[in-house]
Amino acid sequence: MKNIFSDFDSKYEPKTLNDIVFHSALTRETVEGLVDGSFGFPSSGTNGILLYGTYGTGKSALAKILPNIIEQNNGGNIADVNYVNVAQGGDNGATVIERIKAQTQLAWSRNAYHYFVLDEVDNLLTTSMKSLKVAMNTGGTNSIFIFTTNHLGKVEDGVVNRCVTVEFNAAASVDWLPKVKQILADYGVSGIDDKLLLDIIEPCEGSARKILAATRMLIAKRLKRAA
């Protein structure tokens, strides 16, 4: 049987801010101001964006696309991004941070900025976190750091102080309706009222992973009935 969802992730992974389901208008406004230059970011010793909130809300997905959006707003095209998923154990990023510090001292690349994305930055050891603060200082206004965390309290105060902190928690179920309905339409599924869709979305508690999985299950069931 053909897997109709083989390209699902590539098709629906966010590529623009319009693909992100924000939990509040204030959060969207903040992110838009950071990427379009209207907030004068980066400047005044602030060159980090720290996305924090509960699991599964799309922080990592947003962090991955921010460099390209910022770069495009600066007249560029594709950003050269240093992406690190900071895992527990090992050196907890010590080697990576040293490499970042070295790169921030290089002449600017073809991009407007050096971009560093550290997913789950709270996993850094205390010593690595302090080194990250130094790297941010070294980067000054030629580097942009984008961090995600589910545990804001575990991020060193000096790092937080150099960031614009952006709360990124679960969006309301009703805010997910347009996205879910778009996906259903793409797969030729129609005639499902909003109440039923909300009954499916609500138990997912704002987790993008769970909502997309529930949407795939709904599509599969409806297509099977129609076969």
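**From the whole chain to its largest pocket**

Of the 227 residues in the protein chain, 44% are buried; a residue counts as buried when its relative accessible area is under 20%. The structure shown is a predicted model, and the description below proceeds from the overall chain to one particular pocket.

The protein chain contains nine helices and five strands. Followed along the sequence, these elements occur in the pattern α-α-β-α-β-α-β-α-β-α-β-α-α-α. The C-alpha trace spans about 60 × 40 × 35 Å along its principal axes.

Contacts show how parts of the sequence are brought together. Among contacts between residues at least 6 apart in sequence, 78% join residues at least 24 apart. Here a contact means that heavy atoms lie within 4.5 Å. Turning to the surface, the protein chain exposes about 11600 Å², and carbon and sulfur atoms supply 51% of that area.

The largest pocket holds about 820 Å³ of space. Which elements give two or more residues to its lining? They are helix H1 (8–12), helix H3 (59–73), strand E4 (143–149), helix H7 (173–186) and helix H9 (208–226).

In total, 30 residues line the largest pocket. Those nearest its centre are Pro-14, Gly-58, Ala-61, Ala-208 and Arg-209. By chemical class, the lining consists of 13 nonpolar, seven polar and 10 charged residues. In this classification, Ala and Pro count as nonpolar, Arg as charged and Gly as polar.

Key:
Residues are numbered from 1 along each chain as its sequence is written. This is a predicted model: local features need pLDDT of at least 70, side-chain atom pairs count only at pLDDT 80 or more; totals for chains, interfaces and linings use all residues. Side-chain values use heavy atoms; hydrogens and water are left out. On a 1 Å grid over the protein atoms alone, a cavity is a set of points where a 1.4 Å probe fits but cannot get out, and a pocket is an open set with protein on both sides within 12 Å along at least five of seven lines; lining residues have an atom within 4 Å of a point. Grid points are joined across faces, edges and corners, and a volume is the space filled by probe spheres set on the points. Helices (H or I, at least four residues) and strands (E, at least two) are DSSP runs, numbered from the N terminus. Buried means under 20% relative accessible area, exposed over 50%, partly exposed in between (1.4 Å probe, protein chains only). Accessible areas come from the Shrake-Rupley method with a 1.4 Å probe; for residues, only the protein chains shown count as cover.
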